[in-house]
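Please open the model in your viewer and keep the sequence panel beside it, since this tour moves from one selection to the next.

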Amino acid sequence: MPPVELEPLDARDDLVGVPAHPLSQQILRTDVAGMPLEWIDYKEAARLYHTEQVAYTCGSALYRLYGGTSARTGRRTVVEVNSIIATVGVTGNPGNLRGSAYVPPLNNQTLFRRDAHLCLYCGARFPYGLLSRDHVTPFSRGGKDTWSNVVTACRRCNNAKASRTPEQAGMQLIAVPFTPTYAEYIYLKGRRVLADQMEYLIAHFPRSSPLHERMQRFPM
Ligand SMILES: [Zn+2]
């Protein structure tokens, strides 16, 4: 196979019926059973199309990419990339039940998104830079750095609480911390998640997912 040289098509010229999305728009990759796996960029998507690893697609057409000229047909190959693509092969999907062995890595970006950028003590919403990770049970009292022991807090509340439990500090959590399932974690990791991708991921959240309510009350 010749090296694939891809370039975006000018949206105004030729993308009839295909809404124009920037190439930075991420694509949701699932396994062949439709379980969400990861976000990929257009290059990885093109590679999967070209190596015939795409089993089927969902969602909507994002953009078209031109590849090299096919030796067989003499035509330039064109790949229309969808917002959701299901790929073949064994992937070892980490499962999607709360309490399954899978624990997503903890970082502030996904933690703050889990809590809808709200301080879980005062309930106010803050920009990323003004938020912090609070350990509900502090380290000094045996608390761990785990999803179920951390919440998003503004710096003021975090300082006020200091190394005390919420009870000792007389502060009350407005929501309960939880460990995201795999699909929830994929959602939290997404940048500019499209409506169809969001709908798809939500369908894979547990029915009892706290995110259902959080997303409705605090749209991101
Ligand atoms: Zn606060």
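Two strands are taken to pair if DSSP finds at least two bridges between them. With that in mind, and remembering that this is a predicted model, begin by selecting residues 54-69 and 76-87, which are strands β4 and β5. These two strands run antiparallel and are joined by 10 bridges, and they form a hairpin with 6 residues between them. Within the turn, pick out G74, which has a positive phi of about 75 degrees. Then move to A61, whose bridge partner in β5 is N82.

Next, select helix α6, residues 182-189. Is this helix mostly covered or mostly uncovered? It is mostly covered, as 7 of its 8 residues are buried, and the buried ones are Y182, A183, E184, Y185, I186, Y187 and L188. To see what lies over them, add β3 (36-40), α3 (108-114), α7 (195-202) and α8 (210-217), which are included in what covers the buried residues of α6.

Keep α6 on display and turn to the largest nonpolar core, which has 23 residues. The residues with the most contacts inside this core are I27, A45, V81, I85, I186 and Y187, and the elements that give two or more residues to it are β2 (27-30), α2 (42-50), β4, β5, α6 and α7. Which element gives the most to this core? That is α6, with 6 residues. If you colour the model by domain, you will find that this core draws at least three residues from each of domain 1 (7-87) and domain 2 (108-215). In soluble globular proteins, nonpolar side chains tend to be buried together.

Now centre the view on Y187, which touches V193 and L201 when residues up to four places away in sequence are not counted. Apart from the largest core lies another core, of 12 residues, and you can find it by selecting L118, L131, V151 and C154, which are among its members.

For the last stop, select T137, in the loop between β6 (131-135) and β7 (150-154). Why does T137 count as partly exposed? The reason is that T137 has 15 C-beta neighbours inside 10 Å, whereas a buried residue would need 20 or more and an exposed one would have 12 or fewer. Leaving aside neighbours within four places in sequence, T137 is in contact with G142, G143, N149 and T165. Finally, draw a C-alpha to C-alpha distance from T137 to E167: the two residues are 30 apart in sequence and 9.9 Å apart in space.

Notes: Residues are numbered from 1 along each chain as its sequence is written. This is a predicted model: local features need pLDDT of at least 70, side-chain atom pairs count only at pLDDT 80 or more; totals for chains, interfaces and linings use all residues. Helices (H or I, at least four residues) and strands (E, at least two) are DSSP runs, numbered from the N terminus. Two residues are in contact if their C-beta atoms, placed from the backbone, lie within 7 Å. A nonpolar core is a set of buried Ala, Val, Leu, Ile, Met, Phe, Trp, Tyr and Cys residues joined through C-beta atoms within 7 Å. Domain bounds come from an automatic or database domain assignment.
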